[in-house]
Amino acid sequence: MKAGSNLENVLRSGAFAVTGELGPPKSGDLELVRKKARILKGFVDAVNITDCQTAIVRMSSLTAGLAALAEGVEPVMQMTCRDRNRIGMQADILGASALGVKNLLCLTGDHQKFGNHPQSKGVFDMDSIQLLQMVKGMRDEKKFQCGEEIKGNEPSLFLGCAANPFADPFEFRPVRLAKKVAAGADFVQTQIIYNLEKFAKFMEMVRDLGVHEKCFILAGVTPPKSLGMARYMKKFVPGLDVTDEVLARLSDAKDQREEGINICVDIIRQVQDIPGVAGVHVMAIEWEEAVPEIVKRAGLSDRPEPKGIEPVLSSSSSIEKAVEDARKEVRIEFEEELERARTEAQASRELVIKEKEKVASEISDLKKQIEEARTMASHKEAEVRKLTEEIQKAKKELEASQAAGPAQAPPVAAASPPPGPGAPPPPGGPLTDREQKVLESLNLGLQALKSVLGLDDSQFEALRRFLEAEFMLQLGQIPAPAPPPPRPPVTEPAPPVPEAEPAPAEEAKAPRVEEAAEEKTARNKEVVNLVAKGNLALHSGDYNGAIEAFEKALSIDSTDEKARAGLADAKAALQKALSAVKEAPEEAAAAPEGLPPRPEEIDEQWWKEKWVIRYTAMGNVALMKGDYDQAVSAFEKALALDASNEKAKAGLERAKNRQGIFIPEVKAGQAPAAVKEAEAAPKPEAEEAAEEKKEAPPEKPVEEPEAKAEKEVKKEEKPQAKPAAPKIEISAPAGEGVGEIAVSPLSKEEPPLSERAGDIPEDVYKEACSGAIQSVTLGDGEKAISVGGETALPFYNFEGDMPNPPRVAFEVLDSEPEEWPDVLTKYFADCLGDPAAWAKKCVEEYNAKSICLSLISTDPNGADVAPADAAAVAQKVVEAVDVPIIFWGCGNAEKDTETLREITGRIGEKKVCLGPLTDANYRTLGATAMAFQYPVVASTPIDVNLAKQLNILLENLGVHLDHILMDPSIGAVGYGLEYTYSVMERIRLAALTQQDDKLSCPFIVNLGREVWKAKETRLPTDGMLGDQERRGVLMEAITASALLLAGGELMVMRHPKSAALTEALVEGLL
Amino acid sequence: MSRIKAICCNYTLSVEPDALKSAGLVPEDVEFERLPCTGRLEVPELLDAFTQGAAAVFVVGCELDKCHNLSGSRRASKRVAQAKKILEELDMDPGLVEMFFAGRGETEPVVEAARLMAARAARAKKAQ
Amino acid sequence: MIIAERKKLGELLEMVKGCRRLLVLGCRGCVAVCSAGGDKEVSVLASAIRLGLSRQGKEIEIEERTLVRQCDPEYIDPLNEDASDFDAVLSMACGVGVNFIADRCGKVNVLPALDTTFYGANLSSGEWKEMCAGCGACVLHLTGGLCPVARCAKSLSNGPCGGSQNGRCEIHPDVSCIWQQIYDKLSGLNRSDEMKNIMPMRDWTSAGHGGPRRRIREDLLP
């Protein structure tokens, strides 16, 4: 194996090899190479990549070969001697081999005369045979052509050459092939074979020379694509012997391509039978698609499994794969990291658990001890009982003996203990000897009992007295005074041991013992119970419960020390627990100051402040939740860091006084910001807010118009509302609906900006504009309005002037609207078909300052009302109202020209505004407008440059910029508002800050029609979307307000309510 | 005044040029030069004629195979061909130099050649 | 012999357009033999330049002269004396002559009137053909005296290539395949077996790729 290429593998395995040919593109389009490679893949063992065949400049064979290799197709890189000298060629050979090319076909190359650069200098430093020698030397001897050693990797290449059996002198051709093989060729690909007879003869001669045993011979075949191609090859390709038979077959064929493939397949079949032919080289020039078919039909499609095809460089897909792999690796690393972190976390968790277990085991030890003590106690109880029984028995016996006679000594008498040292003299009358003896033995028994039970003296004394008393009773003597019957302490039920509470055992025991000791003191049972309950709660961790119990106990008996102590304990414990709970997570890794470790890049002071703020906020949150203890703790912590923090102090004060923040109806867990706001706001406002909240449950359909109106007023209103704000009252149309359209003006910003800015110098926040917006006047007489004229961005009153407030024009249709929702039409129900009345209503009832008459009926695609008829309507409207009127055409440039001209003809001098002017009709309409000095609407589709272009065109025509309103085309909210906004903003900025006076016209914003065609304004009232009218009104008002901020100056709107809202907004902002 | 230079051999110009002119057969501004044989003609002479102001130059030699000096007119025609190439290289109309053949003593071809060349010269002048 | 060919008049007129006095200088060596730069050609060229410039409305004074050779100092050195007052010397010698004048005559502005084309033989009157490339490493003994370097389009050492057909080279039907000729020649000499030998890669240093060449014959040095 010389190079281990797939081709070499196939040939050496004895399989009949198939190679293909791939001509690189005459461009840098690697995809073409990949495409061809993919066609050939799987049908050939290797593919020749030609080296600027016929001397036409193409992508280099090395590059294209690598691309093929990356596609999984093994390249046979062709190398000619025409274009490089030995230096360049060896360099490329090294590179090719290094990049995974394993087959090299050595050629002299076509003369440059044939190519597209016949003026070039042919190099021909060597010929193909010398090239073979050179590469063989590099491969086998590790030597460069000059003889210098190749240190490191030598090229590993399976060497090929070409042979033309049909060139002259014929008899020399096999000899020359032998020379090539001697020079180093491992395989041969012949010129295209059509003349099989001649080829067979050639092969015979080759065999005579034994060349076929020294190299693999692949017969070259080509499917003639057409008769023309075959003729061309015969005539113009030297050494290509296209036989007459082939020409005849093609000329007779119905489908020449099909026949071409058949011819090729036939030739393959025939060359297969020629001894010494090891494979075929299928050259389908610019017809790669034919190769799979040829290979299939020739029965050669079962290619051996490719071996040794390993791209060193990668195709884009494999790069992607590599990237994916790398990503995976990173992910794995990341996951390992994560796993490590997780393990660590697990470990620490386990540590905690272990600690817990340790504590738990300690607890259970203690429990066990208690249990043992209890068991022991019960054992002792049993013993006591037994002894008592015995005593009882003895007593009975005694009684019996008493009854029987004094002579009879009870059998137990011997077992009776001697009288104790402190045995009291028998009360009452003198005892008999026997009785004395019995008592003594009783005493002895009790002594024993005392030692067994470990009773203290008082207990013993109590027991003794009890027994004595009993005894005396039995005797009929009652010792006086009788002490209360003591329960044996061991029988006192132990308080239940708190289950999972790792309370210290001492603590748990101590009060119990104390309690037991105090049991004797006559205490109010209630108090005792409460104390016990308190202690129980205390130990079970319910500090609040404990406090409550103790406090109750104290309320009954304020002197009860026990309860007092318990209360103190409980409070302390509560405090401790709270701080522990709060600090545990943070203080685990706390810095000495009790703060989490400060990141290095953060200044210490700042870090502290940060935590002061955080603690204060935590305190406020706790306050809000009513968790005062936590609040106290948080504020205290804050104060510990910054003792002078007023907020923390105030918070602490409030927390200590159990003074929450009054936030009615606010659920716990509300965002702290909201709380802060609420906190900052005066109480009444908060209350009002709450009220409003109550008033506006989202599901509640607004049916009471008054309530709703009121609510809206409230919304607009600020608590410190100006005294008796003038309300714009709009009478409601009869019947249901929004009703009163009353919008109170917005309150104006109280302190001026300069005040609010504080110490910030003016030049920091003020940026005066260098440009100004044109002021355009619409209408005439008293009702004329001007828009524009600003020298600052919209409502930037602190930067410049806004002499004319933006205005609202009510849209009136020239015919009855077809698709308006009821919530809109109801306001104009009485005048919908009558534009003049409609306009009049707008002006008189809804206080319209301007009317925009939409000439929708003129649309040629709609009603196509004649210009004259439309003009008549327009004239009526003009006569009906005295406010400025905008005539807005249907949008068909030609029709609008006709209609608007007709209108101007009728109304003459009265100053109306015409629109829309587009690039299609600005000339005619511009001229008309100019004649009457009308302002015009220049309409462009959401584009800065188009807007400017149209303004320039109009100006060139003679229309002054102060007669132009720009319509930038509108998108309603949710329907592209942002595009409109940004285009308007850019136009405005260009006009104001870049002195682009061609963009300095005011905007007319025809938004009503956009909003009211949105489906949201048409869907009926429902639970999810809420009230239909309110929805539509808000959509229109919001669109208007957004576009006001973008610079809109004349807003064409439909709904009286949204118009009122918009005007209120403008009023409020100015 | 554009001149036309005519070069003839002893055998092709048997009539006095002035007689031809006065007979109105050839234009006045044709200047004749008579050589013993056109075979003696060299390219520089043809070119120099132009340099000296000729608008057109023509050579009249014996008929190719009937030259008095066997190959004189053949040589002349090769010189004329060379001169034509040079005129071409100089962006001139190669038709402004021409070789004509005439039988011994024939005047007619000379007259025709003169008229033809006068016409070519006039055309060339117009074209300028 | 060195074969050369006069440059196009347009190119030459451009070269001399600024000259008022011009010396057109012929050579009686190779270029005279190949009728490119001898006395006659000097005369024709001088006339042509006069005509060309006169048509441009320019006047020029042209002197015509022809040297025995322009590649020998003894002929060109006098130019230092009598040619320095010409605005230019338009040499009609091969490139050797132009170079030599340029080398030796510091004050002479020498211009080439000819393109020097190849080393060729005169096949017949008016036809010359390349026979040698001056590669400096003759292999003619191996090729029956026929030069593959000069006469094969690809300078093959081991031809003929697959483009040889009917004795013709594929690049042009007028061009014969020299390797076919070599094969025929060696076959005729019963030396066709020599064609089986692989000719090793050439050393092109002697062909000028090793820099300008020179030759020294010590016994003749002064």
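**View 1. Strands S4 and S5 of chain C, side by side.** In this predicted model, strand S4 (residues 88-91) of chain C is tied to S5(C) by 3 bridges, and the two strands run parallel. Look for Val89(C): its bridge partner in S5(C) is Val110(C).

**View 2. The sheet in chain C that these strands belong to.** Pull back a little and S4 and S5 turn out to sit in an open sheet of 4 strands, ordered S3-S2-S4-S5 (chain C), with parallel pairing. The edges are taken by strand S3 (61-67) and strand S5 (110-112) of chain C; each has a single partner strand, so one side of each is left without a neighbour in the sheet. On average, and ignoring direction, neighbouring strands here are turned by 25° against each other.

**View 3. A helix lying on that sheet.** Here helix H3 (residues 39-55) of chain C packs on the sheet, where it touches strand S2 (21-27) and S3 of chain C. Compare directions and you get about 165° between this helix and S3(C).

**View 4. Two helices crossing in chain B.** Now over to chain B, where the axes of helix H2 (residues 43-51) and helix H3 (residues 72-89) come within 9 Å and cross at roughly 45°. That angle makes H2(B) oblique to H3(B). As for handedness, the crossing of H2(B) and H3(B) is right-handed.

**View 5. The residues where H2(B) and H3(B) meet.** From H2(B) come Val43(B), Leu46(B) and Leu47(B); they meet Arg79(B), Val80(B), Gln82(B), Ala83(B) and Ile86(B) in H3(B). Sort the residues of this contact by class and you have 6 nonpolar, 1 polar and 1 charged.

**View 6. Chain B against chain C.** This contact takes 9 residues from chain B and 12 residues from chain C. On the chain B side, the elements giving two or more residues are H2 and H3 of chain B. H2(B) supplies the largest share of that side, with 6 residues. By class, the chain B side that touches chain C has 6 nonpolar, 1 polar and 2 charged residues.

**View 7. Chain C against chain A.** For this pair, chain C brings 22 residues to the contact and chain A brings 25 residues. The side of chain C that touches chain A splits into 9 nonpolar, 10 polar and 3 charged residues.

**View 8. Inside chain A.** Chain A has 36 helices and 18 strands. Of its 1070 residues, 40% are buried. Among contacts in chain A with a separation of 6 or more, 71% are between residues 24 or more positions apart.

Definitions and conventions: Residues numbered from 1 in each chain as written. Chains lettered and ligands numbered in written order. Predicted model: local features only at pLDDT ≥ 70, side-chain atom pairs only at ≥ 80, totals over all residues. Axes fitted to C-alpha atoms, helices over the stretch in contact; angles between N-to-C directions. Parallel < 35°, antiparallel > 145°, perpendicular 65-115°, else oblique. Left-handed = near helix turned anticlockwise from the far one by under 90°. Contact = placed C-beta atoms within 7 Å. Nonpolar A, V, L, I, M, F, W, Y, C, P; charged D, E, K, R; others polar. Buried ≥ 20, exposed ≤ 12 C-beta atoms within 10 Å, placed from the backbone. Pairing = 2+ DSSP bridges.
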